[in-house]
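Let's take a walk through a protein fold together. Keep the picture open beside you and look for each piece as we get to it.

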Amino acid sequence: MVLNSDGKKNPVRKHKPSAERSASAPVKPGLPTRAAAAKILSAVVDRKLSLDGALDHEHGNPAYKALGESDRALVRAILNTTLRHLPRIDAAIASLLETPLPEGARALHHVLAVGAAQILYLDVPDHSAVDLAVEQANQDPRNRRFAKLVNAILRRLSREKERILADVATIPPMPAWFVERLANAYGRDAALAISESQLEPAAIDLTVKSDAEGWARRLNGAVLPTGGVRLSAFEGSIPSLEGFEEGEWWVQDAAASIPAKLFGDLTGKRVADLCAAPGGKTAQLILAGGRVTAIDQSENRLKRLRSNLGRLGLEAETIAVDLTKFEPPECFDAILLDAPCSSTGTTRRHPDVLWTKGPEDIAKLAVLQERLLRHAITLLNSGGLLVFSNCSLDPQEGEEVVARILEDVKGVERVPIDAGRWPGMSQAITPLGEFRTLPTMLDMPDLASGLDGFYAAVLRRN
């Protein structure tokens with residue numbers, strides 16, 4: 001006997017496995033791929049695990065690691081698409097249900113969501129998406145009794161696709177809680193535009209050591225207002241492109257390249273890059289002439305940084321230490337603190353962020369950022385500059401942190417950024433002279449537009 005949810009005994013019914021579910025029956029092609037996608041979607045949405053972690057080739061989800069590369073690519077496509085459109089997918093499914101799914105039917109929800117994403121937004125045959133979702137339900141004891149429901153819902157999605165897509169088109173594709181935060185910060189129209197922008201493919205931007213015009217010609221790209229190069233569509237992998245092995249450039253979003261540029265010439269100056277890995281900003285600081293010390297809490301992350309610098313033919317001192325406990329023998333002339341944050345400005349690349357983070361995470365990270373910034377100021381020489389930045393769209397992690405520092409830390413002032421030195425980026429410079437990029441900025445003719453959401457401010461210690 002087993003107990004039901006009310007604590008009463010129910011008889012155990014033994015079912016003889018059908019032929020298609022017997023251990024000796026072959027697995028239906030495509031089923032492991034969809035099963036892996038549903039499992040990972042559950043891990044991200046229900047358990048708040050990072051999508052990058054789940055898709056790691058060495059330490060990721062076992063169901064994903066068991067797949068071949070082409071199937072892994074399909075899993076990534078399904079998950080990225082599902083997470084980008086999830087509020088609309090949920091609404092589409094709900095519109096076809098007479099009653100909501102049972103409270104504990106999360107596994108069923110993920111099967112439906114994965115199937116719906118393929119039907120509504122991916123170039124996958126509808127019949128295949130339906131058939132494999134039904135098979136998934138049949139093979140899961142929790143969902144077997146809902147197999148007919150899965151079949152009915154997904155077939156209706158397929159038949160009524162155009163109408164349903166039109167019905168859900170006005171629903172913001174970001175979670176409602178975050179859209180409200182964006183509306184409070186930037187206004188309702190801007191919030192909706194930012195939300196829609198996450199559906200656009202992220203651009204591939206490069207930071208080049210020199211000769212941006214030349215590399216733009218060689219790689220069929222365009223020079224950015226930030227001085228980098230944006231690539232057009234290309235075949236093959238990043239490492240196969242000209243200049244990669246020679247260390248002439250590295251991949252870095254246009255917005256992420258801005259903070260290190262705010263120092264100007266660093267020739268002869270002692271520079272600290274705090275929270276430095278993976279090293280793109282470290283490389284920029286070295287090329288600006290600084291004698292750079294790269295600091296990160298994780299030795300493994302510093303190994304990656306050293307590897308990246310090695311490819312570029314650059315060197316920096318590296319120290320693995322908790323920043324709050326870092327007490328160098330002498331202070332620095334310039335400090336870059338690109339602080340840990342919610343990463344809500346990177347949802348084009350990381351659509352899981354808004355499903356693994358919530359308001360409470362933003363609040364906690366803002367507290368951490370302020371603590372790191374207060375300590376970083378103590379490491380700065382008099383007259384030295386500190387750039388504080390992060391890739392969050394939420395002012396609680398940016399503007400509000402700096403405002404509190406300026407209010408109660410003596411001897412620190414804001415150095416307004418001169419919009420005249422940033423042609424093509426002036427709309428990203430606030431009235432206070434801080435950088436605030438939004439994903440809706442930076443239109444590029446004939447290339448992918450937009451950039452990551454980023455915040456940066458320049459402070460001086462008197």
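What follows is a tour of some helices, strands and single residues in this model, which is a predicted one.

Let's start with a pair of helices. Find helix 5, covering residues 106-121, and helix 6, covering residues 126-139; their axes lie 9 Å apart and meet at an angle of about 175°. Because of that angle, helix 5 counts as roughly antiparallel to helix 6, since anything over 145 degrees gets that label. Which residues make the contact? From helix 5 come V111, G115, Q118 and I119, and from helix 6 come D126, A129, V130, A133 and Q136. Sort these residues by class and you get five nonpolar, three polar and one charged.

Now look for R34, which sits in helix 1 (residues 31-45). Is R34 buried or exposed? Its relative accessible area is 6%, so R34 is buried, the cut-off for that word being under 20%. Setting aside residues up to four places away in sequence, R34 touches L74, I78, V114, Q118, V124, S128, L132 and Q136. You've met two of those names already: Q118 and Q136 also belong to the contact of helix 5 with helix 6. For a sense of distance, try hopping from R34 to M441: the two are 407 residues apart in sequence, and their C-alpha atoms are 36 Å apart in space.

Next up is a sheet. This one is open, has four strands in the order 4-5-3-6, and its pairing is antiparallel. Strand 4 (221-223) and strand 6 (249-251) are the edges, each pairing on one side only. Going from one strand to the next, the twist averages 30°.

You can cross this sheet strand by strand. Strand 4 pairs with strand 5 (residues 229-231) in the antiparallel sense, over three bridges, and here V223 has V229 in strand 5 as its bridge partner. Moving on, strand 5 and strand 3 are antiparallel too, with two bridges, and D205 stands opposite R230 in strand 5. The last step, from strand 3 to strand 6, is another antiparallel pairing, over three bridges; there, V208 stands opposite W249 in strand 6. Pause at strand 3 (residues 205-208) and check which way its residues point: D205 and T207 go one way, L206 and V208 go the other way, and all are buried.

From T207 you can step over to Q284, a residue of helix 13 (residues 280-287). Leaving out residues up to four places away in sequence, Q284 touches T207, W250, Q252, A256, S257, A260 and K261. One of these, Q252, also has a side-chain link with Q284, a polar contact of 3.1 Å. With a relative accessibility of 10%, Q284 counts as buried.

Just along the chain is A276, in the loop between strand 7 (270-274) and helix 13. A loop residue may sound like an outsider, so is A276 buried or exposed? A276 is buried, at 5% relative accessible area. Beyond its neighbours within four places in sequence, A276 is in contact with T282, A294, I295, D296 and L305. A276 and D189, by comparison, are 87 residues apart in sequence, with 35 Å between their C-alpha atoms.

Time for some more strands. Strand 10 (residues 332-338) and strand 11 (residues 380-390) pair in the parallel sense, over six bridges. Look for F332, whose bridge partner in strand 11 is L380. Strand 11 also has six bridges to strand 14 (residues 454-461), but these two run antiparallel. In that pairing, V387 has V458 of strand 14 as its bridge partner.

Our last stop is D452, in the loop between strand 13 (435-437) and strand 14. D452 is buried, as its relative accessible area is 7%. What does D452 touch? Not counting neighbours within four places in sequence, its contacts are D253, A255, G345, T346, R349 and T437. R349 is the one to zoom in on here: its side chain makes a polar contact of 3.4 Å with the side chain of D452.

How values were computed:
Residues numbered from 1 in each chain as written. Predicted model: local features only at pLDDT ≥ 70, side-chain atom pairs only at ≥ 80, totals over all residues. Heavy atoms only, no water. Axes fitted to C-alpha atoms, helices over the stretch in contact; angles between N-to-C directions. Parallel < 35°, antiparallel > 145°, perpendicular 65-115°, else oblique. Contact = heavy atoms within 4.5 Å. Nonpolar A, V, L, I, M, F, W, Y, C, P; charged D, E, K, R; others polar. Buried < 20%, exposed > 50% of the residue type's maximum accessible area, 1.4 Å probe, protein only. Polar contact = N/O pair within 3.5 Å; in protein donor to acceptor, adjacent residues only side chain to side chain. Pairing = 2+ DSSP bridges.
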